[in-house]
Protein chains: 2
Amino acid sequence: MTIDPTGATPPVGIASPASLAVSTVIFALRPDPVTSIMTLWLPLVRRIRQPHLGLWALPGGWLPEDEELGAAAGRTLRETTGLSPKYLEQLYTFGGIGRSPGTRVVSVVYWAMVESEEAARTAVGENVRWFPADHLPELAFDHNTIVEYAQWRLRTKVEYSRIAHAFLGETFTLAQLREVHEAVLRKPLDPANFRRMIEASKVVVATEERLAGAPHRPPRLYRYDSSIDLADQGPLGPAIIGSAL
Amino acid sequence: MTIDPTGATPPVGIASPASLAVSTVIFALRPDPVTSIMTLWLPLVRRIRQPHLGLWALPGGWLPEDEELGAAAGRTLRETTGLSPKYLEQLYTFGGIGRSPGTRVVSVVYWAMVESEEAARTAVGENVRWFPADHLPELAFDHNTIVEYAQWRLRTKVEYSRIAHAFLGETFTLAQLREVHEAVLRKPLDPANFRRMIEASKVVVATEERLAGAPHRPPRLYRYDSSIDLADQGPLGPAIIGSAL
DNA sequence: GCAAAAGTGTTAGCCGTACACCCATGC
DNA sequence: GCATGGGTGTACGGCTAACACTTTTGC
């Protein structure tokens with residue numbers, strides 16, 4: 001009986017049972033090329049090795065011995081896509097035996113959000129490209145499943161926590177914030193009720209500035225109130241917010 | 001640039017960056033020895049190796065190359081505690097660099113629930129013991145943090161999903177089901193409103209049997225309706241329910 | 001009959017939804 | 001001034017909390 005739970009000594013007599021990788025599902029809001037409506041997009045990288053050479057996959061890499069899990073997720077996505085996430089949180093660990101041909105690979109997967117402006121700045125090349133989240137090609141490994149799960153998590157979490165501002169810049173209008181919710185939840189929201197819901201949650205504070213230029217009444221700009229977070233994130237805390245990677 | 005996200009080939013030139021372990025937080029409901037009120041308990045195993053020799057820890061073990069993550073969690077907890085969980089779900093992956101002296105250990109942690117009767121049958125020995133969840137001793141590694149997080153997950157999940165029946169046997173009274181909710185949420189619930197809430201959710205079906213023996217009106221026995229599960233468990237599905245390990 | 005828990009009924013308040021309506025700006 | 005989105009007011013319906021009340025058993 002080998003009772004050595006989560007212990008420190010490596011498995012005696014067992015040589016490297018599985019390889020440990022870290023991957024990230026990154027979300028950003030970008031306008032649909034034809035309708036201009038904001039929808040969910042995510043960047044993928046083309047595989048330049050076997051297996052699944054040529055297929056699109058989530059950015060990621062192997063876990064170095066001296067790097068924290070979240071830090072490794074942030075680093076690999078910055079190295080491969082050039083993006084700096086505003087929010088990063090562990091999603092799930094995928095370790096199915098058959099998920100990768102050859103050696104067993106266990107992937108600790110994170111999910112992240114980047115601002116729309118940051119996403120627009122990204123270098124898009126032959127091996128990095130943005131895809132609309134609900135029209136993905138066939139991905140490498142089990143990455144289609146992973147993306148599905150990440151989208152589900154994003155949708156549920158937008159409703160009970162207030163993470164939507166991670167898609168936006170420092171200041172934003174309530175219409176922009178509503179646009180985020182609508183894109184994630186894939187349904188229109190009543191502007192009046194949305195305003196009251198956000199005001200009641202107290203997660204935003206009004207600034208004195210207004211956004212001019214449009215042929216309507218100029219909307220007020222708001223700022224996220226970092227001192228308040230109503231969502232009970234649990235004893236682990238809410239992962240990395242801001243560019244504190 | 002090593003782009004090989006979640007890939008198949010082991011890290012080239014990097015020898016076994018971290019050891020992979022699997023641990024489980026197991027919950028059961030047992031009566032408080034003095035007040036007889038049902039509260040949350042969990043079984044721990046005493047460490048019989050360094051580091052943290054002698055301290056109590058979560059049951060677990062190393063991940064074999066040919067075993068699924070959930071299966072390994074179920075097997076190790078059965079081997080160390082003799083318990084068969086009725087519900088098992090991945091909790092979180094802990095991989096902090098300093099969490100274990102010596103080699104880097106990444107632990108994929110699961111959480112589980114066992115029936116009260118099953119828990120009562122368990123062999124309790126020198127190296128396996130039940131502890132009340134809110135009066136734990138100092139545990140090995142970061143296991144205190146892990147248990148905290150698991151309790152938080154259990155509390156939140158009891159409210160939006162209907163997993164409380166995993167603590168109970170095949171049939172149960174609504175008072176017993178309410179007792180589960182009260183123990184997990186640590187607050188009393190109105191019997192009348194609880195009844196209506198459960199009936200509205202349609203997760204239980206009434207049987208014709210009643211529980212006699214007490215000096216009151218005998219309560220009706222209910223059964224869990226496996227065909228209905230209102231909680232949106234996401235694309236990954238709800239982990240293992242029943243003894244299908 | 002009496003105590004105690006099972007089970008039913010009723011009411012008040014809160015909250016999400018729907019929608020009518022006024023406000024302010026560019027053209 | 002007119003179209004359009006920003007912003008406010010209000011009323012309805014469903015859900016939950018609180019609690020009175022009836023039912024059914026063992027003693």
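**Figure 1. B:Arg195 and the surroundings of DNA strand C in a predicted model.** A polar side-chain atom of B:Arg195 is placed 2.7 Å from a phosphate oxygen of DNA strand C. Chain A also reaches this strand: an N or O atom in the side chain of A:Arg217 lies 3.2 Å from a base oxygen, and a polar backbone atom of A:Pro215 lies 3.5 Å from a base oxygen. Two or more residues of the surface near DNA strand C come from each of these elements: H5 of chain A, H4 of chain B and H5 of chain B.

**Figure 2. The residues around DNA strand C.** DNA strand C is surrounded by 19 residues. The closest are A:Asn193 and A:Pro218 from chain A, and B:Ala192, B:Arg195 and B:Arg196 from chain B. Of the atoms of DNA strand C that come within 4 Å of the protein, 61% belong to sugar and phosphate. The surface near DNA strand C is made up of 9 charged, 7 nonpolar and 3 polar residues.

**Figure 3. Base atoms of DNA strand D and residues of chain B.** The side chain of B:Arg217 has an N or O atom 3.1 Å from a base oxygen of DNA strand D. The side chain of B:Arg196 has an N or O atom 3.2 Å from a base nitrogen of DNA strand D. For B:Pro215 the backbone is involved, with an N or O atom 3.4 Å from a base oxygen of the strand. The elements that supply two or more residues to the surface near DNA strand D are helix H4 (174–185) of chain A, helix H5 (191–201) of chain A and helix H5 (191–201) of chain B.

**Figure 4. The residues around DNA strand D.** There are 19 residues around DNA strand D, and the closest are A:Ala192, A:Arg195, A:Arg196, B:Asn193 and B:Pro215. Among the atoms of DNA strand D within 4 Å of the protein, sugar or phosphate accounts for 61%, and bases make up the rest. By class, 9 residues of the surface near DNA strand D are charged, 7 are nonpolar and 3 are polar.

**Figure 5. Packing of H4(A) and H5(A).** The axes of H4(A) and H5(A) are 10 Å apart and form an angle of about 100°. The two helices are therefore roughly perpendicular. From H4(A), the residues A:Leu174, A:Leu177, A:Arg178 and A:His181 meet A:Pro191, A:Phe194, A:Arg195 and A:Ile198 of H5(A). The residues of this contact comprise 5 nonpolar, 1 polar and 2 charged.

**Figure 6. Packing of H4(B) and H5(B).** Helix H4 of chain B, residues 174–185, packs against H5(B) at an angle of about 100°, with 10 Å between the axes. H4(B) is therefore roughly perpendicular to H5(B). H4(B) takes part through B:Leu174, B:Leu177, B:Arg178 and B:His181, and H5(B) through B:Pro191, B:Phe194, B:Arg195 and B:Ile198. Of the residues in this contact, 5 are nonpolar, 2 are charged and 1 is polar.

**Figure 7. The surroundings of B:Gln90 in strand S5 of chain B.** Strand S5 of chain B spans residues 87–94 and includes B:Gln90. B:Gln90 counts as buried because its relative accessibility is 4%, under the cut-off of 20%. Its side chain makes a polar contact of 3.5 Å with the side chain of B:Tyr110. Apart from neighbours within four places in sequence, B:Gln90 is in contact with A:Tyr92 and A:Thr93 of chain A, and with B:Leu69, B:Val108, B:Val109, B:Tyr110, B:Trp111 and B:Arg153 of chain B.

Conventions: Residues numbered from 1 in each chain as written. Chains lettered and ligands numbered in written order. Predicted model: local features only at pLDDT ≥ 70, side-chain atom pairs only at ≥ 80, totals over all residues. Heavy atoms only, no water. Helix = DSSP H or I, 4+ residues; strand = E, 2+ residues; numbered from the N terminus. Buried < 20%, exposed > 50% of the residue type's maximum accessible area, 1.4 Å probe, protein only. Polar contact = N/O pair within 3.5 Å; in protein donor to acceptor, adjacent residues only side chain to side chain. Contact = heavy atoms within 4.5 Å. Near = heavy atom within 4 Å. Nonpolar A, V, L, I, M, F, W, Y, C, P; charged D, E, K, R; others polar. Axes fitted to C-alpha atoms, helices over the stretch in contact; angles between N-to-C directions. Parallel < 35°, antiparallel > 145°, perpendicular 65-115°, else oblique.
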